[in-house]
Amino acid sequence: MKEILNISLENEMDLVLAHRRSMQVGEQIGLTVATRTTFATAVSEVARTAIEYTDNGKLHLIISGNFPRYSLYARVDFKADQVFRASDEGFFYAKKLLPDFTFNNSSNAYEIEMGLSLPRSLKLDESRISMLRDFFNQVDPLNAYEKIKKQNSHLSRLTGEQEEEIRMRRELDEKKSEFISVASHELKTPLTVIKAYIQMLRALKDQYSEKVAQVLEKLDLQTTKLSLLTHQLMDVSKMENGSLQYDLVEVDLNDFIQETVMILSNVYPGNSITMQLGTKCRVMADPMRLEQVLTNLLGNAVKYSARNSPIQIETDLSKDNDHIVVKVIDSGLGMSEEGIAHIFDKFYRLKAVSASHPGLGMGLYISSKIVSDHGGEIWVESVLNEGSTFFFTLPVQNLV
Ligand code: ADP
């Protein structure tokens, strides 16, 4: 069965199209004028009923059968709340014209088929049928109405395809998020247990040689890294399903930075972290999440700089005094324009570092969400091979 063309049946103009196109199909196949007129009139009778009572009908002109026996069919389908019968006027006349007529309906869906066998003398074969389809695909519109109709249907097909693509992408994304969520939760439990055992063993260090103690220390460090990654994965999945929550309290920002830097200076003894903190102020923030942002920015500054390369953290009030600006400045690898444009995207990592530095590209994505959820902004200025400065702002609650 091959559909040669179809026409949606919405209004009177479509009735004209249905008649003229049915005639044309008959003409292209080689039917006599009388036969094609009979066919087109029967099609019009059924199409008229569909148009009169609904605006959802569709006419399909079809060639069915196999070489050398073919039939020309018209199928009209539509949905309607009222009840129709095969004996109703339009259908009755169509059946008189084309006795090969079937009337089907289930609940409110109707399907009416009418057709005629095509004589062998028309010499129809598969390639001619394909040519016929191509002809009607490319044929010029009969009038301005059909032109607009074609354009609309092209546009709605494109929209449909785009919507389908978006739907599929969303589905894939949801599956990925679900996997991340399940995987990170499954990893968390055994990791917590491993970490607890390592702590227990480290507490018994008098019973081991220095070498074993060193191995345990390394194990502890690597487990902490693994646990950090697991937490990042969990944060990403919380961000995706909107369940990242904040316990906001008033935080004295300069004090908070000083405490965090003190801790981090022990973690990163290879780089000196200096501070130049401006006007003291309080911000409304979740301390755990704020620490996460500072740790991420300072950790990256260390990770993407040479050992001994200095790192500076500064705070300053914005011009209008309603925001505090925090800067984390390094003189490390810096990054390209492309990096600057994408650095806060999920899982983005610069190619230049992906082989040499470990990481999953989640830290800045999470930090940017935390900052924006606190009512601030985050951005970076950077020059390749010279260093980077990360900025983030937070609304000032009050000056101290
Ligand atoms: P990760 O460090 O785990 O890859 P992040 O989201 O924290 O994840 O950082 C994303 C990417 O941004 C890093 O892979 C790196 O390419 C780049 N980057 C981040 N901070 C810096 C920095 N201070 N200097 C140079 N590149 C950086």
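Here are some questions and answers about this predicted model, from the ligand site to the aromatic rings.

Reader: Happy to start with the ligand! Which residues around the ligand are the closest?
Author: The ligand is surrounded by 21 residues. By type, the shell divides into eleven nonpolar, seven polar and three charged residues. The closest are Asn 300, Tyr 304, Asp 330, Arg 349 and Leu 364.

Reader: How much of the ligand's accessible area does the protein cover?
Author: Let's begin with the polar contacts. A polar side-chain atom of Arg 349 is 2.5 Å from a ligand oxygen, a backbone N or O atom of Leu 364 lies 2.8 Å from an oxygen of the ligand, and a side-chain N or O atom of Asn 296 is 3.2 Å from a ligand oxygen. Of the 530 Å² of accessible area that the ligand has on its own, the protein covers 98%.

Reader: Which element gives the most to the shell around the ligand?
Author: Three elements each supply at least two residues of that shell: α8 (287-303), α11 (363-373) and β12 (387-395). The one that gives the most, with four residues, is α8.

Reader: How many of the eleven residues of α11 are buried?
Author: Good one to check against the structure. The buried residues of α11 include Gly 363, Leu 364, Tyr 365 and Ile 366, and Ser 367, Ser 368, Ile 370 and Val 371 are buried in α11 too. Their cover includes α6, α8, β11 (378-383) and β12. The helix is mostly covered, and the number of buried residues is eight.

Reader: Which residue with a positive phi follows α11?
Author: Look just after the helix, where phi is near 85°. The residue there is Gly 375.

Reader: Is Ser 237 buried or exposed?
Author: Ser 237 sits in helix α6 (residues 210-240). Beyond its neighbours within four places in sequence, Ser 237 is in contact with Ser 177, Ile 180 and Ser 181. Buried means under 20% relative accessible area, and Ser 237 has a relative accessibility of 6%, so Ser 237 counts as buried.

Reader: Now the rings! What kind of aromatic pair do Phe 91 and Phe 103 form?
Author: The structure holds eleven aromatic pairs. In this one, the ring centres are 5.4 Å apart and the angle between the planes is 55°, so with over 60 degrees needed for edge-to-face and under 30 for stacked, the pair of Phe 91 and Phe 103 is tilted.

Reader: What is the relative accessible area of Phe 91?
Author: Phe 91 belongs to one aromatic cluster with Tyr 53, Phe 78, Phe 84, Phe 103 and Tyr 110. Phe 91 is buried, and its relative accessible area is 0%.

Terms used. Residues numbered from 1 in each chain as written. Predicted model: local features only at pLDDT ≥ 70, side-chain atom pairs only at ≥ 80, totals over all residues. Heavy atoms only, no water. Near = heavy atom within 4 Å. Polar contact = N/O pair within 3.5 Å; in protein donor to acceptor, adjacent residues only side chain to side chain. Areas by Shrake-Rupley, 256 points an atom, 1.4 Å probe, with all protein chains shown as cover. Nonpolar A, V, L, I, M, F, W, Y, C, P; charged D, E, K, R; others polar. Buried < 20%, exposed > 50% of the residue type's maximum accessible area, 1.4 Å probe, protein only. Contact = heavy atoms within 4.5 Å. Phe/Tyr/Trp six-rings, centres within 6.5 Å; stacked < 30°, edge-to-face > 60°.
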